[in-house]
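Q: Please walk me through this one slowly, and explain the terms as they come up.

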Amino acid sequence: MRYTELGRTGMKISHLSFGASSLGSVFRETNESESFKAVETAIEGGINFIDVSPYYGHYKAETVLGKALRNIPRDKYFLSTKVGRYGKDGVNTWDYSAKRVTDSVYESMERLGIDFIDLINVHDIEFQAALPGGLQKVVDETLPALVELKKKGVVGHVGITDLQLENLKWVIEHSEAGTVESILNFCHHTLNDDAIVDYLDFFEQHGIGIVNASPLSMGLLSQRGVPVWHPAPKALVEVCQKAAQYCNEKNYPIEKLAVQFSVSNPRIASTLFSSANPENVRRNIEWANEEPDWDLVREVKEIIGNQQRVTWANS
């Protein structure tokens, strides 16, 4: 496992990291014992960065992760969770106000059974962009509230997450230097979309660590194919299915190639994947520690063709 400092935070995190969204039964119904084993397998395999959110499973992921962490020494992992995006009884909600995000941090710590959060992220800032105050509210209210918690020693570092790279850049440009210490972006360092590379210089110039998420592009790059809710346009879905079939014919699962490609850029500190299946966790760790077949990477990109960097709105 390769370990890289996340920006200037001092946290040296594994190049493959564990996303706990699956523990909230976001993708399929899960059981706790299997989820606990998945977390243990990740730690045993050298992963030391775990990411979660109160939104995942509408608080279930944090609750299950908290139980899983009871038997794992606190110095074995860095923990990241989020504020701003929530849900209850199947209804999604958003609240980026200072009071709500402050309360949210303490609520997350209670669910997780910890007294310190290594990294707190403002979750999916594009949703605040559509709410009163826009992204300026993240700059003027959300981030200062989290910085205050950092001063109190409740959280270690502050970051922001989003699908839209331009939103991350805007908030960083309009915030006081050093406020944003890391970004988490998803689906933009994958076989079908490497748009984040255009922003690496900007993030590095501002001392900001980079976490990439969803190497399978939310299921696009899988033999199983996309879930029905996937927002990708039909043309992109079709070429990704062709790419998956091509890789299968080469006896090289596209999932393996996708993980290997996503972790291949040393300028990206870590790539997050999520699974509540211990065997999938073990397999992803093995894949991430191997070099990809670069000829196959090139061939897959040719199949995807003009659908490269085609993206979608978050949902």
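A: A polar contact is a pair of N or O atoms within 3.5 Å; within protein, one must be able to donate a hydrogen and the other to accept it, and residues adjacent in sequence count only if both atoms are side-chain atoms. This is a predicted model, where local features need pLDDT of at least 70 and side-chain atom pairs 80 or more, while totals for chains, interfaces and linings use all residues. Residues are numbered from 1 along each chain, and side-chain values use heavy atoms, without hydrogens and water.

Q: Ok, so what sits 2.9 Å from a polar side-chain atom of asparagine 48?

A: That is the backbone oxygen of lysine 12, and the backbone nitrogen of serine 14 lies 2.8 Å from a polar atom of the asparagine 48 side chain.

Q: Where is asparagine 48?

A: Asparagine 48 is in the loop that runs between helix H1 (32-44) and strand E4 (49-51), where helices (H or I, at least four residues) and strands (E, at least two) are DSSP runs numbered from the N terminus.

Q: Buried or exposed?

A: Asparagine 48 counts as buried, because its relative accessibility is 11% (buried is under 20%, exposed over 50%, partly exposed in between, with a 1.4 Å probe and protein chains only).

Q: And what does asparagine 48 touch?

A: Leaving out residues up to four places away in sequence, asparagine 48 touches Tyr3, Lys12, Ile13, Ser14, Lys76, Tyr77 and Phe78, with contact meaning heavy atoms within 4.5 Å.

Q: New topic: which residues of H5 and H6 meet?

A: Leu135, Gln136, Val138, Val139 and Leu143 from H5 meet Asn167, Trp170, Val171 and His174 from H6.
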